[in-house]
Structure formats: structure tokens, C-alpha cells
Amino acid sequence: METVQTPLYQAFADELRGAMADGRLPAGARLPSVREAARSRGLSINTVLAAYRHLEARGLVEARPQSGYFVRSRLPAPPAPRFAARPTPARPAKTAVLNRIATVIAAQSNANNVDLSLACPKGSDFYPGDKLARIIADTARRHPELLTDYALPPGSLRLRREIARHALDLGVSMTAEDVILTNGCMEALQFALRTVTRAGDAIAVESPTYFNLIPLAEALGLRTIEVPTDPGSGMSMDALELLLSERRVSAVVTMPNVHNPLGISMPLAAKRRLAALAAEYRVPVIEDALYAELQYAVPLQPAVKAFDRDGWVILCASYSKTLVPGIRAGWMEAGRFQREVADLKFCSSVAQPAVTCEALGVFLENGGYAQHMRRLRRTYAGQIDRLRGLIDQVFPAGTRATEPTGGFLVWVELPPGCDADRLFDEALARGISITPGTLFSPSGRYTRHIRLSGCYPFSERHIHALVTLGQLASQQLGG
């Protein structure tokens with residue numbers, strides 16, 4: 001009988017598959033470049049490409065533009081959260097959730113802890129700090145009046161023009177006059193809520209949601225209604241429309257692009273529907289676009305604001321996660337609420353510091369930002385791949401994790417039998433800080449979930465902390 005020869009590309013693909021299976025090529029690892037592999041193995045470039053594409057078609061590797069091929073993680077995604085058929089009544093946040101938020105923030109503020117989940121990138125790997133420092137110093141030297149004169153609204157025209165120009169990347173058309181400068185994205189969210197709600201009102205929030213939104217709503221006297229949010233497709237538009245049709249909420253707060261903590265983005269059709277629902281029911285949608293520019297794929301998916309025709313969407317954003325956290329450079333476009341928000345900004349903090357705003361405008365203007373963002377997106381895509389690979393290796397069997405489409409956050413679901421709050425306490429006793437899932441729900445849902453972050457260099461100390469965390473989770477299962 002004649003022996004059938006295995007094609008060269010198949011043999012090479014099988015060899016790589018074996019290296020993935022035994023850990024020699026872990027999740028997140030970069031495969032050798034096509035030319036390098038061809039040269040070292042004595043294969044043609046077409047043979048190597050065929051092997052890589054064979055693995056890609058089977059979901060084992062992924063191609064990244066201008067970066068190469070990378071091993072994908074085998075971690076399954078968490079399922080959609082289970083909710084009652086009808087949304088629950090509006091309620092204030094549970095006291096236990098608010099207390100736990102305060103405890104976690106205190107742990108994250110302790111420099112002696114290894115923080116595995118704080119969504120605050122640190123260091124030159126993620127921010128062009130040296131370049132910005134030079135621009136700020138040069139701006140102050142050339143324009144000393146920016147230091148000695150009072151900053152008045154609306155603030156740096158250069159910065160506002162650049163914000164409007166870059167907003168086009170998210171499909172948002174606006175002018176410099178539409179931009180309100182704020183002290184970070186949190187101030188923008190606060191101004192939006194203070195403008196469109198009053199104490200006692202109910203707001204619709206995603207579940208899970210950004211945890212700092214919970215104490216903000218509490219401070220403003222607002223009640224929340226959690227809308228189920230799928231790790232794959234975002235906020236349920238059907239559940240939201242039911243709430244809107246029953247006139248049960250005064251505003252909707254959502255993070256449609258690169259959601260915190262899920263790391264995913266809402267499909268285009270859902271964004272269009274959300275903008276249409278806001279106009280139909282005349283209920284403002286507050287869109288948190290803090291991470292929107294950190295989408296891995298370009299061109300970027302548009303914001304909900306891109307589909308807003310009647311000014312019911314309030315867009316809030318910041319450069320804290322992408323460029324420079326130290327100067328708290330945020331902004332918003334408030335649509336039909338522009339005048340009220342601008343007045344509130346003036347009453348609250350007048351204006352933003354002129355010299356830092358002007359310097360930031362210079363950086364955005366000279367092309368440095370675009371180059372920085374290209375590099376940053378590649379960096380975070382690699383960081384997330386490696387983080388998911390480590391989770392796959394060191395956490396107990398049955399662990400699930402989202403596969404982010406941007407940013408640096410991963411939402412992890414632990415197997416039944418694990419308790420995230422207990423895991424937080426046990427990890428903290430060993431000098432490790434995490435964020436348990438209960439923080440991301442006003443009612444304390446997600447008791448088996450944690451948020452982990454990939455915005456830190458994977459030092460030996462950091463990896464050891466992840467291994468320890470996985471061991472603690474396994475011990476809860478008797479492992």
C-alpha cells in the first residue's frame with residue numbers, strides 16, 4: 001500500500017500545535033516571523049504561510065496587522081448573566097457593596113501590595129511621560145502668561161480643536177465650540193448625571209458596570225436598575241427598551257466601546273438602536289468613552305454618539321488611560337444639554353489648567369498621539385493575550401475569561417465553589433490586591449467573578465502574585 005505523504009505545511013502546523021499543547025508556545029506567545037521560520041526550517045515562505053493560516057482557521061493563532069501571528073488562549077468566555085424576565089425595581093446600592101468598594105480602593109492605594117486589577121497604567125511602557133514633560137516645560141517657557149493669568153472657560157482652543165479632530169476616528173462630528181474640558185472622565189460623568197437627573201430618580205446601568213459609578217449615583221441620591229450586559233454583545237437593548245417604555249428611568253449610563261470590566265464592544269446595530277431609543281423616548285444616554293480609543297482593530301468602531309441626531313447622547317471621555325493621567329485631561333460633548341453642563345462646569349471648577357491643556361494640544365497636533373496609540377494598541381493586545389494565557393495555566397479548571405477587543409481589562413469567572421470576596425481577603429493577607437466582582441453590581445451580583453488588569457509589566461513579582469492567586473482559588477475548591 002502506498003504511504004500518503006503529509007504535506008509540509010501540515011507537518012509544520014502539527015509541530016506548532018504540539019508546542020502549544022505542552023506549553024512551549026503558551027497563549028500570547030508570538031510565532032516566529034514568516035521569513036524567520038522559512039529560513040530556520042528550510043521551508044518556503046508559502047509553506048509557512050499555509051501552516052499559519054491553517055492554525056488561524058482552527059482558532060489556535062491570530063494574525064495582528066504589522067505584528068505577526070500569536071497563540072490564542074483556550075479560555076472560554078463567561079456566559080451572559082441571568083436576570084429575571086422583568087427588570088428589578090430601582091434601588092440604592094447595598095451598603096455592603098459600598099463598604100467593599102472603600103476597602104478595595106484602600107488596598108489598591110497601598111504601594112506595598114502587588115496590584116493585579118487596578119485600571120491605572122503606570123510607567124513609560126504605557127505613557128510618553130518624558131516627551132510630554134518636555135512639551136509642558138517648553139510651553140511654559142514660551143508662554144509664561146499661561147501660568148500667571150487665570151484660566152477661563154472654554155479653555156485652550158488648540159486642545160479643543162484637536163479633540164474635535166480626533167473624535168472623527170469614533171465617527172463623531174463636532175467643532176471646538178462643542179467641547180467642554182473637564183477634570184477627567186469622572187467629572188464629566190458627574191456633570192452629565194447632575195444635569196439630567198435629580199435626587200430620587202432612577203438610572204439604568206449595565207450589569208456588570210464600572211464600579212465607581214455606584215458610589216457616584218449614591219452620592220447624588222440616585223437609584224439604579226441593572227440591565228443585563230452580555231460579555232459578547234453588551235447591554236441588552238430589549239431589556240432597556242422595556243424600561244424606557246415604562247418610563248422607569250431618567251437616564252442611561254453605558255460604556256459601549258471597550259467596556260469596563262468586560263473589555264468588549266457593543267455591536268454596531270445595538271449602538272444604532274440605543275441612539276434611536278434615546279431619541280424616541282427622550283431619555284438621555286450618558287456614553288462613557290474612556291477606553292474607546294484603545295480598540296485593537298482599526299478603523300475604530302464608532303461611538304453611540306455617532307448615531308445621535310437630536311442631541312440625546314452625552315459623550316464623556318478622557319486622556320487618562322491613553323496618554324497622561326497626571327493632568328486629569330477629560331472632555332465631553334453634551335448635545336442638547338451643552339449650556340447647562342457648561343454652566344455647571346463653571347460653577348464647580350471654572351476651567352482646566354491652561355498650560356497643561358495647551359501642551360496636550362501641541363502633542364495631539366504634531367502627530368505624536370497617533371504614533372503613540374498605534375504602539376499602545378499593539379502593546380495591550382499582547383499584554384491581554386499573555387494575561388489570559390497565565391490565567392489558563394494557573395487558575396483552576398472551569399475558569400472562564402472574556403476575550404477583550406480592546407483595553408487592558410479581563411473579566412474572570414471562577415468555577416462554582418469559589419467566592420470572589422473571600423479570595424480578595426485571602427489574597428490581601430498575602431500582599432496581593434484584586435477587584436472582586438461584587439463591586440461591579442449595585443446589588444452585589446457576580447460573587448464568582450474578579451477583574452484582572454494587563455496594564456503592568458509582567459515582572460517576576462507580578463507573575464508570582466498571579467500564580468499565588470490561582471493557587472488560592474484552587475484551594476477554595478479543595479485543590
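A polar contact is a pair of N or O atoms within 3.5 Å; within protein, one must be able to donate a hydrogen and the other to accept it. The side chains of glutamate 413 and histidine 449 make such a contact, at 3.3 Å. The model shown here is predicted. This briefing covers two open sheets, a hairpin, a helix pair and two buried residues.

**Glutamate 413 and its surroundings**

- Glutamate 413 belongs to strand 13, which spans residues 409-413.
- Buried means under 20% relative accessible area. Glutamate 413 has 9% relative accessibility, so it counts as buried.
- Apart from neighbours within four places in sequence, glutamate 413 is in contact with Pro78, Pro79, Gly398, Thr399, Arg400, Arg448 and His449.
- Arginine 400 stands opposite glutamate 413 in strand 13.

**The four-stranded sheet**

- Strand 13 is part of an open sheet of four strands. The order is 12-13-16-15, and the pairing is antiparallel.
- Strand 12 (400-401) and strand 15 (435-436) are the edge strands, and each pairs on one side only.
- Two bridges link strand 12 to strand 13 in the antiparallel sense.
- Helix 14 (residues 368-394) packs on this sheet. Helix 14 touches strand 12, strand 13 and strand 16 (449-453). The direction of helix 14 makes about 20° with that of strand 13.

**The eight-stranded sheet**

- A second open sheet has eight strands, in the order 4-11-10-9-8-5-6-7. Its pairing is mixed.
- The edges are strand 4 and strand 7 (234-235), each pairing on one side only.
- Helix 8 (residues 184-196) packs on the sheet. Helix 8 touches strand 4, strand 5 (202-207), strand 8 (251-254), strand 9, strand 10 and strand 11. The direction of helix 8 makes about 160° with that of strand 10.
- Strand 9 (residues 285-288) and strand 10 run parallel, joined by four bridges. Here valine 285 stands opposite valine 313 in strand 10.

**Strand 11, inside that sheet**

- How many of the five residues of strand 11 are buried? Five of the five are buried, so strand 11 (residues 329-333) is largely enclosed by the rest of the structure.
- In a regular strand, side chains alternate between the two faces of the sheet.
- Ala329, Trp331 and Glu333 point one way from strand 11. Gly330 and Met332 point the other way. All of these residues are buried.
- On one pairing, strand 4 (residues 180-183) meets strand 11 in the antiparallel sense over four bridges. Isoleucine 180 stands opposite methionine 332 in strand 11.
- Strand 10 (residues 313-318) also runs antiparallel to strand 11, and four bridges join them. The bridge partner of serine 318 in strand 11 is glycine 330.
- Helix 12 (residues 338-349) lies across strand 4 and strand 11. Helix 12 runs at about 40° to strand 4.

**Glutamine 295, a buried loop residue**

- Glutamine 295 sits in the loop between strand 9 and strand 10.
- Is glutamine 295 buried or exposed? Its relative accessibility is 3%, so glutamine 295 counts as buried.
- A polar atom of the glutamine 295 side chain lies 2.9 Å from the backbone oxygen of alanine 292.
- The side chain of glutamine 295 also reaches the backbone nitrogen of glutamine 301, at 2.8 Å.
- Not counting residues up to four places away in sequence, glutamine 295 touches Leu170, Asn257, Val258, Leu300, Gln301, Arg377, Thr405 and Gly406.

**The hairpin of strands 1 and 2**

- Strand 1 (residues 61-64) pairs with strand 2 (residues 68-71) in the antiparallel sense over four bridges.
- The two strands form a hairpin with three residues between them. In the turn, glutamine 66 has a positive phi of about 65°.
- Phenylalanine 70 in strand 2 is the bridge partner of glutamate 62.

**Helix 2 against helix 3**

- Two packed helices are described by the angle between their axes and the distance between the axes.
- Helix 2 (residues 34-41) and helix 3 (residues 45-57) pack at an angle of about 115°. Their axes are 9 Å apart.
- Helix 2 passes helix 3 in a right-handed crossing.
- Helix 2 makes the contact through Val34, Arg35, Ala37 and Ala38. Helix 3 contributes Ile45, Val48, Leu49 and Tyr52.
- By class, this contact has seven nonpolar residues, no polar residues and one charged residue.

Terms used:
Residues are numbered from 1 along each chain as its sequence is written. This is a predicted model: local features need pLDDT of at least 70, side-chain atom pairs count only at pLDDT 80 or more; totals for chains, interfaces and linings use all residues. Side-chain values use heavy atoms; hydrogens and water are left out. Buried means under 20% relative accessible area, exposed over 50%, partly exposed in between (1.4 Å probe, protein chains only). Contact means heavy atoms within 4.5 Å. Two strands pair if DSSP finds at least two bridges between them. Axes are lines fitted to C-alpha atoms, for helices over the stretch in contact, and angles run from 0 to 180 degrees between N-to-C directions. A crossing is left-handed if the near helix is turned anticlockwise from the far one by less than a right angle, and right-handed if clockwise. Ala, Val, Leu, Ile, Met, Phe, Trp, Tyr, Cys and Pro count as nonpolar, Asp, Glu, Lys and Arg as charged, and the others, Gly among them, as polar.
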